[in-house]
Amino acid sequence: GKFWEYHDKIYQNQTSLTEDAFGDFAREINLDIDQFTDCLSSGRHKDEVAEDLQAGIDAGVRGTPTFFINGTKLQGAIPKDVFEQLIASQP
C-alpha cells in the first residue's frame, strides 16, 4: 500500500539511488524493513524490471517523465492544462 509514496521518494532523490538509499527510503515511509530487504536482495523482480527497462528503451524513452498520447511521444514536464488540452484534442 505504499507504492506511490515509495515511487515519489525515488523520483525526488534520483541523484542518490544506492542500495543503502533504497533502505533509507523504506525506513522513512515506515515500510516493513525486513520484508523490503528480503524482497530487494532476492532479486525476484529483476527480470520484470529489466523487461520494463528494455520496453522503454525500445519505445525511445530516454528520461522521465515521458508520455505517449496515441503513439506521440511527449518528453519533459508538461503543465497540467496543456496536458489536458492535448488529451482532449485526440480523436
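Tutor: Buried means under 20% relative accessible area, exposed means over 50%, and partly exposed lies in between, with a 1.4 Å probe and protein chains only. This is a predicted model, in which local features need pLDDT of at least 70, side-chain atom pairs count only at pLDDT 80 or more, and totals for chains, interfaces and linings use all residues. Residues are numbered from 1 along each chain as its sequence is written, and side-chain values use heavy atoms, with hydrogens and water left out.

Student: Why is Glu28 called partly exposed?

Tutor: Its relative accessible area is 48%, and because partly exposed covers what lies between under 20% and over 50%, Glu28 belongs to that class.

Student: What makes Phe3 and Trp4 an edge-to-face pair?

Tutor: Rings of Phe, Tyr and Trp (its six-membered ring) pair if their centres lie within 6.5 Å, and planes under 30 degrees apart count as stacked, over 60 as edge-to-face and the rest as tilted. The centres of Phe3 and Trp4 are 4.8 Å apart with 85 degrees between the planes, so the pair is edge-to-face.

Student: Why is the pair of Tyr6 and Phe36 called tilted?

Tutor: Tyr6 and Phe36 have 5.5 Å centre to centre and 55 degrees between the planes, which is neither under 30 nor over 60, so the pair counts as tilted.

Student: How do you know whether Tyr6 is buried or exposed?

Tutor: Tyr6 has a relative accessible area of 12%, and because buried means under 20%, Tyr6 is buried. Phe36, at 17% relative accessibility, also counts as buried.
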